[in-house]
Amino acid sequence: MSTGIATEMEFHVLAVDDSIIDRKLIERLLKTSSYQVTAVESGVKALEFLGLLDDENTNTHMPNNCVSTNRSTHHVEVNLIITDYSMPSVTGYDLLRKIKESAMLKDIPVVIMSSENIPSRINNCLEHGAEEFFLKPVQQSDVNKLRPHLMRGKCRTQNEQNIINKRKPLEECLSPDRTRPRFNDLALVQ
């Protein structure tokens with residue numbers, strides 16, 4: 001189903017909140033807007049889902065039964081991450097920083113939510129790459145603000161994929177004139 005314009009069902013949002021009530025609310029609002037949603041209860045679970053756990057995090061923040069040793073256990077395309085700011089172990093800000101430091105995930109839009117209206121916190125998150133900062137309780141009007149970020153991220157991903165698909169195979173890039181002298185030089189040496 002490739003029509004050129006992405007429908008909302010093609011968008012996958014990772015929702016992160018340690019409060020079950022807030023997590024269920026954001027999940028319901030996102031699903032009402034026809035987004036595919038994966039909801040997790042902690043920043044650590046989000047890092048695990050995204051494949052961003054490192055030895056430092058697994059040793060200091062994770063119980064042994066939650067350790068993910070294989071970063072490529074699954075590849076799920078996530079188009080946007082919406083996370084609570086205040087969570088134990090790995091905060092929403094920590095999660096934002098990890099995502100923006102990742103070469104693979106840095107272009108995924110991140111939205112931070114918080115029940116506390118602290119201007120310095122909001123500015124800090126926005127300066128470090130958050131697309132939006134929503135005050136809780138999140139409302140449908142907030143979720144409607146996500147669409148431009150999702151579209152921009154989707155277009156960027158499609159453009160990158162088009163560039164990759166347009167690359168020539170390695171054989172076409174190698175000139176026979178460049179490789180032959182090396183083989184001839186080897187024959188002369190023997």
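**Briefing: a parallel sheet and the surroundings of Asp84**

Ser34 lies in the loop between helix α1 and strand β2. The model that contains this loop is predicted. Its framework is an open sheet of 5 strands, paired in the parallel sense. Asp84, to which UniProt assigns a modified residue in an unreviewed entry, is placed in strand β3 of this sheet. The points below treat the sheet, its helices, Asp84, Lys136 and some backbone features in turn.

**The sheet**

- The strands follow the order β2-β1-β3-β4-β5. Strands β2 (36-40) and β5 form the edges, since each of them pairs on one side only.
- From one strand to the next, the twist averages 20°.
- Strands in a sheet are held in pairs by backbone hydrogen bonds, and the pairing may be parallel or antiparallel.
- Strand β1 (residues 12-16) runs parallel to β3, and 4 bridges join the two. Within this pair, Val16 stands opposite Thr83 of β3.
- Strand β4 (residues 110-114) pairs with strand β5 (residues 132-135), also over 4 bridges and in the parallel sense. Here Val111 has Glu132 of β5 as its bridge partner.

**Helices beside the sheet**

- Between β4 and β5 the chain passes through helix α5 (residues 119-127), and this β-α-β crossover is right-handed.
- Helix α5 lies across β4 and β5, and runs at about 150° to β5.
- Helix α1 (residues 20-32) packs on the sheet and touches β1, β2, β3 and β4. The direction of α1 makes about 170° with that of β2.

**Asp84**

- The UniProt feature at Asp84 reads "modified residue: 4-aspartylphosphate", and the entry is unreviewed.
- Asp84 is found in strand β3, which covers residues 80-84.
- Is Asp84 buried or exposed? Asp84 counts as buried because its relative accessibility is 5%, and the cut-off for buried is under 20%.
- Beyond its neighbours within four places in sequence, Asp84 is in contact with Val16, Asp17, Asp18, Gly92, Met113, Ser114 and Lys136.

**Lys136 and the cis bond**

- Lys136 is located in the loop between β5 and helix α6 (140-144). At 17% relative accessibility, Lys136 counts as buried.
- The side chains of Lys136 and Asp84 are joined by a polar contact of 3.1 Å.
- Residues up to four places away in sequence aside, Lys136 touches Asp17, Asp22, Asp84, Met113, Ser114 and Ser115.
- Lys136 and Asn117 are 19 residues apart in sequence, and their C-alpha atoms are 9.2 Å apart in space.
- The peptide bond between Lys136 and Pro137 is cis, with omega about 0°. Pro137, too, is placed in the loop between β5 and α6.

**Residues with positive phi**

- Most residues other than glycine have a negative phi, and most peptide bonds are trans.
- Ser34 has a phi near 70°, a positive value in a residue other than glycine. With 32% relative accessibility, Ser34 counts as partly exposed.
- Ser89 has a phi near 65°, which is likewise positive in a residue other than glycine. Where does Ser89 lie? The place of Ser89 is in the loop between β3 and helix α4 (92-101). At 44% relative accessibility, Ser89 counts as partly exposed.

Conventions. Residues numbered from 1 in each chain as written. Predicted model: local features only at pLDDT ≥ 70, side-chain atom pairs only at ≥ 80, totals over all residues. Heavy atoms only, no water. UniProt positions renumbered as here; feature names shortened; annotations may be inferred. Buried < 20%, exposed > 50% of the residue type's maximum accessible area, 1.4 Å probe, protein only. Contact = heavy atoms within 4.5 Å. Pairing = 2+ DSSP bridges. Right-handed = clockwise from strand over helix to strand, strands pointing away. Polar contact = N/O pair within 3.5 Å; in protein donor to acceptor, adjacent residues only side chain to side chain. Axes fitted to C-alpha atoms, helices over the stretch in contact; angles between N-to-C directions.
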